[in-house]
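I open this notebook to record a set of look-ups in one structure. The entries follow the order in which I made them.

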Amino acid sequence: MSGKLASGISRRSLLGGALGIGVATAGGVALAGATSTQAQDSLRYDFFGKHQAGVVTPMQNHLHFAALDVTTKSRTQLISMLQAWTAASAAMTSGEPIGRFGAVNGPYQAPPEDTGEALELPPSGLTITIGFGPSLFDRFGLSRRRPETLVELPNFPGDQIDKSISGGDLCIQACADDAQVAVHAVRNLVRIGFGTAAVKWSQMGFGKSSATDRGAPTPRNLFGFKDGTANITEAVALDDFVWVQPGDQPDWMAGGTYLAVRKIRMTIETWDRTSLQEQEQVFGRTKQAGAPLSGGEEFTAPDFSAAGSAGQPLIPTDSHMALAHPDANGGQRILRRAYNYTDGSDGLGHLDAGLFFLAFQRDIADQFIPMQMRLSKSDRMNEYVRYISSSAFAIPPGVPAPGGYIGETLFEDVRSDR
């Protein structure tokens with residue numbers, strides 16, 4: 001791209017990155033290929049890097065997720081939008097307004113380039129992650145470039161999927177410690193894409209329900225239990241189970257990952273009338289400490305062979321932990337990045353709330369689909385949840401440096417404009 005790509009990035013932020021001023025790396029930040037710095041008391045993650053930020057980056061408090069359908073028939077126009085998204089994302093994650101003039105310094109008779117609701121707000125640890133849905137590969141000469149593992153998720157037993165809030169050609173995941181910063185990011189990318197892509201559905205999330213770094217306390221879901229205790233944090237495991245490696249097919253995805261998205265409505269009122277004993281049997285863990293029912297502390301390895309006085313397993317074989325554990329899934333693991341959500345109340349006065357489940361992995365067909373099939377058939381938790389949305393996306397590798405754009409490895413060898 002031309003110099004326009006970095007037009008929204010201040011000279012100050014570029015110099016800071018080049019000189020390494022105030023650079024600190026820790027936990028998932030370094031593993032994400034994103035550099036974190038403290039600037040004006042706000043965490044900032046660089047947009048550029050080997051991997052996209054927002055995967056192993058330490059989880060922020062708020063999420064705005066949007067799925068879009070591409071409305072143009074022009075490959076050139078689609079690429080132009082991705083280039084513009086890259087420029088805008090680099091600016092916003094740096095805490096800068098987008099475009100040459102931003103929200104207030106442009107021509108008085110023209111619409112501002114930036115919508116302005118993030119003026120004076122710090123970056124708040126904003127990350128922007130962009131992905132491609134299976135349906136995108138039906139057009140633009142991309143059919144032969146579609147990853148074999150990128151499929152529409154099947155209808156699992158018990159699913160009650162609403163197609164209007166599932167799927168999409170593209171996805172945007174914006175995470176930040178300030179909800180307004182996350183909303184600003186999605187709002188501006190959608191505005192930039194007007195005439196090229198349109199929002200199909202979106203979801204707000206709060207109260208992170210997983211931790212991507214072991215140093216942070218394990219958060220709780222809306223059932224009150226710690227969620228994601230055994231999440232992936234080790235570098236070697238990230239290479240084994242999350243990041244697509246050189247030599248994997250297709251080669252353009254090296255450094256990327258695959259995302260499975262499930263919106264899970266919790267039957268809150270039913271759960272709240274359930275005994276503590278039953279609740280712990282459902283999860284296979286204690287509610288207070290998150291320890292396995294076989295004994296120990298939160299991070300103690302569960303003993304699935306341990307039996308009680310009646311000879312029954314201390315951890316029920318149909319508990320969520322027993323069925324989701326790597327021991328039950330051929331050693332496979334996934335990286336959880338889930339958020340709680342609430343969409344108000346339904347017409348019956350019940351709380352419309354639950355878990356917006358995001359799972360990153362190296363191969364959806366080998367990792368997520370078999371695990372979810374096992375859970376859908378036998379998980380004791382199914383009595384208390386409803387799966388209402390289901391989607392899959394390829395998350396391409398990051399943009400190594402200014403001048404490139406998200407998805408460049410996908411499009412670089414595609415010549416036809418169809």
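**Entry 1: Pro-400**

I began with the accessibility of Pro-400: with a relative accessible area of 71%, Pro-400 is exposed, because the cut-off for that class is over 50%. I note here that the model is a predicted one. I then located Pro-400 in the loop that runs between β12 (385-395) and α10 (408-411). Setting aside neighbours within four places in sequence, I found Pro-400 in contact with Phe-48 and Gly-49. I also looked up the C-alpha separation of Pro-400 and His-51, which is 8.1 Å; along the chain these two residues are 349 residues apart.

**Entry 2: Glu-298**

I next asked whether Glu-298 is buried or exposed. Its relative accessible area is 10%, so Glu-298 counts as buried, the limit being under 20%. Glu-298 sits in the loop between α7 and α8. I looked for a polar partner and found that the side chain of Glu-298 makes a polar contact with the side chain of Thr-229, at 2.9 Å. Thr-229 also appears in the contact list of Glu-298, which leaves out neighbours within four places in sequence. Among the other residues on that list are Thr-218, Lys-226, Arg-285 and Pro-292.

**Entry 3: Helix α7**

I turned to α7, which spans residues 276-283. Which residues of this helix are buried? I recorded Glu-278, Gln-279, Glu-280, Val-282 and Phe-283. The buried residues of α7 pack against α6 (268-272) and α8 (320-324). For the backbone just after α7, I noted that Gly-284 has a positive phi of about 80 degrees.

**Entry 4: Strand pairing around β7**

I followed β7 (residues 197-208) to its partners. With β4 (residues 62-70), strand β7 pairs in the antiparallel sense over 9 bridges. In this pairing I found His-64 opposite Met-204 of β7. How many bridges join β7 to β10 (residues 339-345)? There are 2 bridges, and these strands run antiparallel. Here Lys-208 stands opposite Tyr-339 in β10.

**Entry 5: Cysteines**

I closed with a search for disulfides, and the structure holds 0 of them. I then checked two cysteines for burial. Cys-171 has a relative accessible area of 1% and is therefore buried. Cys-175, at 0% relative accessibility, is buried as well.

Conventions
Residues numbered from 1 in each chain as written. Predicted model: local features only at pLDDT ≥ 70, side-chain atom pairs only at ≥ 80, totals over all residues. Heavy atoms only, no water. Buried < 20%, exposed > 50% of the residue type's maximum accessible area, 1.4 Å probe, protein only. Helix = DSSP H or I, 4+ residues; strand = E, 2+ residues; numbered from the N terminus. Contact = heavy atoms within 4.5 Å. Polar contact = N/O pair within 3.5 Å; in protein donor to acceptor, adjacent residues only side chain to side chain. Disulfide = S-S within 2.5 Å. Pairing = 2+ DSSP bridges.
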